[in-house]
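Q: Could you take one part of this structure and examine it closely, starting with what surrounds it and then working outward to the chains on either side? I would like one connected account rather than a list.

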Amino acid sequence: MKILGKLTILLCGVLLMVFAMEFPNWGDPESPASTHLSPYFIQHTMEDTAVPNIVTSVLADYRGYDTMFETTVILTAGLACFLLLRIERKKIPHRYYRHEPTGVTLRMEGEKYPKNSAVFQRMDANWVPYDFVISRTCRLIIPFIQIFALYVVAHGHHSPGGGFQGGVIMGASVILFAISHNLRTSIKNFSEKTAALFSVTGVFIYAGTGALCLLFGEVFLNYSALAPILGGDRVMARSHGILVVEIGVAVAVTAVMIWIYYNLSSAGKQDEGL
Amino acid sequence: MESIFSLVLAKANYAAYIILMMIGLYAMIAKNNLIKKIVGMSIFQTAVILFYVSIGCKKGATIPILRHHGHPEPVGHAAENAGAHAMDAAHGAEKVVAHAVDAAHNAVHVADYINPLPHVLMLTAIVVGVATLGVALALAIRVYNTYGTLEEDEINQQLRSG
């Protein structure tokens, strides 16, 4: 089986390599990929949308439909993780608690468990002692990571950035918090319900902006129709519309990343985890 | 010999993506462990992303963000400015020259910027790839909960006997 696999892969590789020799050279300005559609985007971005970052304008304006459904795909992935892991809720048969003043660890069984308090603290089954340096350092740098994420979202028109990148950075900051402390502390600050609500809200902002354009008598996702609300002329309205849509993408991506992490790290139980 | 070497060097990006793709495909076909298969799928995805991004490259071009000087002027404004500059011409020819240089600077040359389309496509593909990787891992967790193993042959054995 392994030899057969290796032979197949080698055959595929050799065939691809032979035909790749017919492809245009690396960095060829006259290659077919960069002579048909992309010159239009490069030359007309400024007059159509007033956004200097061509990637942002193509992403949210020229190819707005595509990006809307990519956001929907991400939401669907988050929902799929939820439905695969979270529906079957098995009760954990026992829990571990730690009595802080004496340092005694207790294993408790049954239906009723004591409330978490400073004296009587819940522990994971595979508990490792908190590392003071790691948890304090993460607490210090997480606000800066989040401010950077907001900058990446807001400055996507003029520099590399946008909703997807900023959303992933924002999600990573919460995941870092969950890793450096524990899953329960993270869920207390950003609950699963919040994550679900935000991921739907993000897609709703995107689709809602498109639908609002319909109400103003233009086609779906044509932001220039929003000029009366957003202010400025029709070109600047496109620029502002792109920002609104990018914020929707960022909210959805942030929430889905956190949601998937919660479900995967605890195998759906969201009780004990990384 | 020289020509073959330069040919290979000119197509080095394709060689890189084909090698990565072969590694990923091999892991997906030949490995027995489901997690290793998922890792192979991720490597395969990376190969495709590398292929797209390398296609967008142009020699001597920069990132697809226009060097701009503010919002482009509406046509009426530009005409007024031209009139004002015509009057200025009486005062000094230098200002007109400066304006002409500015206008030439604002014109967008396609050869100066790399192709933005592959970047747009791959930007979304990367994030969607992470999300679908999460789904794959969730499925792996469910398989482990049901069969108690992630090895493919053991799962097949259990399916046949049970």
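A: **A buried helix and its surroundings**

In this predicted model, the buried residues of α3(A) pack against five helices of chain A, namely α2 (38-49), α4 (64-85), α6 (163-180), α8 (192-215) and α10 (234-265), and also against α6 of chain B. Helix α3 of chain A spans residues 54-62, and because 8 of its 9 residues are buried, the helix is largely enclosed by the rest of the structure. Those buried positions are Ile54(A), Val55(A), Thr56(A), Ser57(A), Val58(A), Leu59(A), Ala60(A) and Asp61(A). Where the helix begins, Asn53(A) places a side-chain oxygen within 3.2 Å of the backbone nitrogen of Val55(A).

The loop that precedes this helix, between α2 and α3 of chain A, holds Ala50(A). Ala50(A) is not a glycine, yet its phi is positive, at about 60 degrees. For context, most residues other than glycine have a negative phi. Ala50(A) is also classed as buried, because its relative accessibility is 10%, which is under the 20% cut-off for that class. A further case of positive phi is found at Leu221(A), where the angle is about 70 degrees although the residue is not a glycine. Leu221(A) sits in the loop between α8 and α9 (227-230) of chain A, and with a relative accessible area of 6% it is buried. Its loop follows α8(A), and α8(A) is one of the helices against which the buried residues of α3(A) pack.

Where does chain B come into this picture? A residue-level link is given by His119(B), which lies in helix α6 of chain B and touches Val55(A), as well as Val53(B) and Ile114(B), when residues up to four places away in sequence are left out. Val55(A) is itself among the buried residues of α3(A), whereas His119(B) counts as partly exposed because its relative accessibility is 25%. Within its own chain, His119(B) is 66 residues away from Val53(B) along the sequence, although the C-alpha atoms of the two are separated by 6.2 Å.

Helix α6(B) also stands out when the whole interface is considered. Altogether, 53 residues of chain B are in contact with 60 residues of chain A, and the two chains bury about 5200 Å² between them, with 78% of that area on carbon and sulfur atoms. On the side of chain B that touches chain A, the elements giving two or more residues are α1 (2-10), α2 (12-30), α3 (34-55) and α6 (116-147) of chain B. Of these, α6(B) gives the most, with 19 residues. By residue class, that side of chain B divides into 38 nonpolar, 11 polar and 4 charged residues. The count of salt bridges between chain B and chain A is 0, while 12 residue pairs are in polar contact across the interface, with both partners at pLDDT 80 or more.

The record for chain B can be set beside these helices. An unreviewed UniProt entry places the feature "transmembrane region" at residues 12-29, 38-55 and 120-141 of chain B. In the model, residues 12-29 of chain B are 100% helix and 0% strand, with their end C-alpha atoms 26 Å apart; for residues 120-141 of chain B the composition is likewise 100% helix and 0% strand, and the end C-alpha atoms lie 32 Å apart.

Back in chain A, Ser186(A) offers another enclosed position, in helix α7 (residues 183-189). Ser186(A) counts as buried because its relative accessibility is 1%, and it touches Val174(A), Phe177(A), Ala178(A) and Tyr262(A), again leaving out residues up to four places away in sequence.

At the level of whole chains, chain A has 10 helices and 3 strands, which follow one another along the sequence as α-α-α-α-β-β-β-α-α-α-α-α-α. Chain B has 7 helices and 0 strands. Buried residues make up 43% of the 274 residues in chain A and 31% of the 162 residues in chain B. As for contacts between residues at least 6 apart in sequence, those joining residues at least 24 apart account for 60% in chain A and 67% in chain B.

Definitions and conventions
Residues numbered from 1 in each chain as written. Chains lettered and ligands numbered in written order. Heavy atoms only, no water. Contact = heavy atoms within 4.5 Å. Buried area = accessible area lost by both parts, 1.4 Å probe. Salt bridge = Lys/Arg side-chain N within 4 Å of Asp/Glu carboxyl O. Polar contact = N/O pair within 3.5 Å; in protein donor to acceptor, adjacent residues only side chain to side chain. Helix = DSSP H or I, 4+ residues; strand = E, 2+ residues; numbered from the N terminus. Nonpolar A, V, L, I, M, F, W, Y, C, P; charged D, E, K, R; others polar. UniProt positions renumbered as here; feature names shortened; annotations may be inferred. Buried < 20%, exposed > 50% of the residue type's maximum accessible area, 1.4 Å probe, protein only.
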